[in-house]
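Thank you all for coming; I would like to take a few minutes to walk through one structure, going from single side chains out to the whole chain. Please have the sequence and the model open while I talk.

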Amino acid sequence: MRKLAVGIISALAGGTMLMSGGVATASTTTTADPEVEIVDISPNPVEVEWRGETTANFKVNATSDVEKVELTVSPATRNARTMAAKEVKPLEDWRFSVPFNSRDYEGKWRATAVAFDKDGKRVAEDSSFFSVDVQKRRSKDDTRIIGFEASPSKTFKGRTVRFSGRLLVEDGRRWDTLSHANVSIYYRANGSSGWKWVDSDRTDRRGKFDASTRAWKSGSYKAVYKGSWRTDDTSSRSDYVRVYSWRR
């Protein structure tokens with residue numbers, strides 16, 4: 001009897017019970033649990049340009065008994081500037097996209113996928129880490145002068161030469177006008193290697209400046225912006241003016 005008892009316990013432990021005489025056979029079937037897995041994060045790291053935006057794509061695999069998958073992403077540290085999860089856009093086939101910009105936390109992030117069955121019950125979860133690299137702000141914004149012109153291009157000695165152009169500053173991915181900025185005009189006479197200041201003007205709300213001087217000798221003119229604490233300096237292309245002497 002002791003051997004028989006051990007045999008029955010062993011059979012039960014194996015998941016199958018056999019009845020003597022072959023009258024009936026009972027067995028248990030093992031069913032796989034629902035699963036979810038984050039299989040790809042692209043790009044990783046997520047590189048974001050200053051004042052730009054980069055979209056990261058997340059691919060999730062789930063077993064057929066999973067009815068819904070939710071994805072959340074948030075900084076993986078309590079010291080982050082913000083712990084608010086990013087807005088996630090669901091795509092097809094358990095794919096998701098998340099936009100990142102230069103205001104987001106730079107460092108390690110966690111993505112978490114949660115699976116639900118048809119009854120709305122949470123049945124599986126998976127996490128994966130990725131990093132976000134944000135380009136540091138440049139020390140100063142780029143500037144440029146466009147449309148610089150010295151007019152007229154030919155004149156007589158003592159006559160007025162007028163100058164005009166526009167000053168722009170780079171604002172993110174586009175160029176915008178820079179107002180209330182001081183722009184100076186410099187002159188280099190034929191045969192000279194040095195530039196001399198002749199006049200200045202402040203740009204209006206459209207970034208436009210106007211200045212003038214009297215012509216005495218043929219030479220080149222250029223507009224110069226010396227920059228500020230937040231903007232770089234810049235110079236225009238030079239414009240040549242030919243000056244004729246009066247004849248009786």
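Let me begin with Asp141, which is buried, because its relative accessible area is 3%, and under 20% counts as buried. I should say at once that we are looking at a predicted model, so please hear each value as computed from that model. The side chain of Asp141 meets the side chain of Arg230 in a salt bridge, with 3.7 Å from N to O. This pair links distant parts of the chain, 89 residues apart: Asp141 sits in the loop between strand E10 (122-134) and strand E11 (143-151), while Arg230 sits in the loop between strand E18 (219-225) and strand E19 (234-235). Is Arg230 buried or partly exposed? With a relative accessible area of 32%, Arg230 is partly exposed, whereas its partner Asp141 is buried.

The count of salt bridges comes to six, and I will mention two others. One of them joins Arg174 and Asp171, whose closest N and O atoms are 3.9 Å apart; here Arg174 is partly exposed at 48% relative accessibility, and Asp171 is partly exposed as well, at 31%. Another joins Asp204 to Arg206, with the closest N and O atoms 3.7 Å apart, and in that pair Asp204 has a relative accessible area of 26%, which makes it partly exposed, while Arg206 is partly exposed at 47%.

Now to the strands. The protein has one helix and 20 strands, and I would like to pick out one open sheet, made of four strands in the order E4-E10-E9-E6, with mixed pairing. Which strands stand at the edges of this sheet? They are strand E4 (46-48) and strand E6 (68-75), and since each has a single partner strand, one side of each is left without a neighbour in the sheet. From one strand to the next, the twist averages 25°. The partner of E6 is strand E9 (residues 107-116), and the two run antiparallel, joined by eight bridges; within that pairing, Val69 has Ala115 in E9 as its bridge partner.

Please turn next to strand E8 (residues 95-101), where five of the seven residues are buried, so that the strand is mostly covered. Strand E5 (residues 53-62) runs antiparallel to E8, and seven bridges join the two, with Lys59 finding its bridge partner in Arg95 of E8. Strand E7 (residues 89-90) also pairs with E8 in the antiparallel sense, over two bridges, and there the bridge partner of Pro90 is Phe96. E7 and E8 form a hairpin with four residues between the strands, and in this hairpin Asp93 takes a positive phi near 60°.

At the surface, Phe156, Tyr244 and Trp246 make a nonpolar patch of about 320 Å². Tyr244 belongs to strand E20 (residues 239-244) and is partly exposed, with a relative accessible area of 35%.

Finally, some totals for the protein. Its accessible surface comes to about 16500 Å², and 46% of that belongs to carbon and sulfur atoms. Of its 248 residues, 33% count as buried. If we take contacts between residues at least 6 apart in sequence, 62% of them join residues at least 24 apart.

Technical notes: Residues are numbered from 1 along each chain as its sequence is written. This is a predicted model: local features need pLDDT of at least 70, side-chain atom pairs count only at pLDDT 80 or more; totals for chains, interfaces and linings use all residues. Side-chain values use heavy atoms; hydrogens and water are left out. A salt bridge is a side-chain nitrogen of Lys or Arg within 4 Å of a carboxyl oxygen of Asp or Glu. Buried means under 20% relative accessible area, exposed over 50%, partly exposed in between (1.4 Å probe, protein chains only). Contact means heavy atoms within 4.5 Å. Accessible areas come from the Shrake-Rupley method with a 1.4 Å probe; for residues, only the protein chains shown count as cover. Patches are made of residues with over 30% relative accessible area and no salt bridge: like charges are joined within 9 Å, nonpolar side chains (Val, Leu, Ile, Met, Phe, Trp, Tyr) within 5 Å. Two strands pair if DSSP finds at least two bridges between them. Axes are lines fitted to C-alpha atoms, for helices over the stretch in contact, and angles run from 0 to 180 degrees between N-to-C directions.
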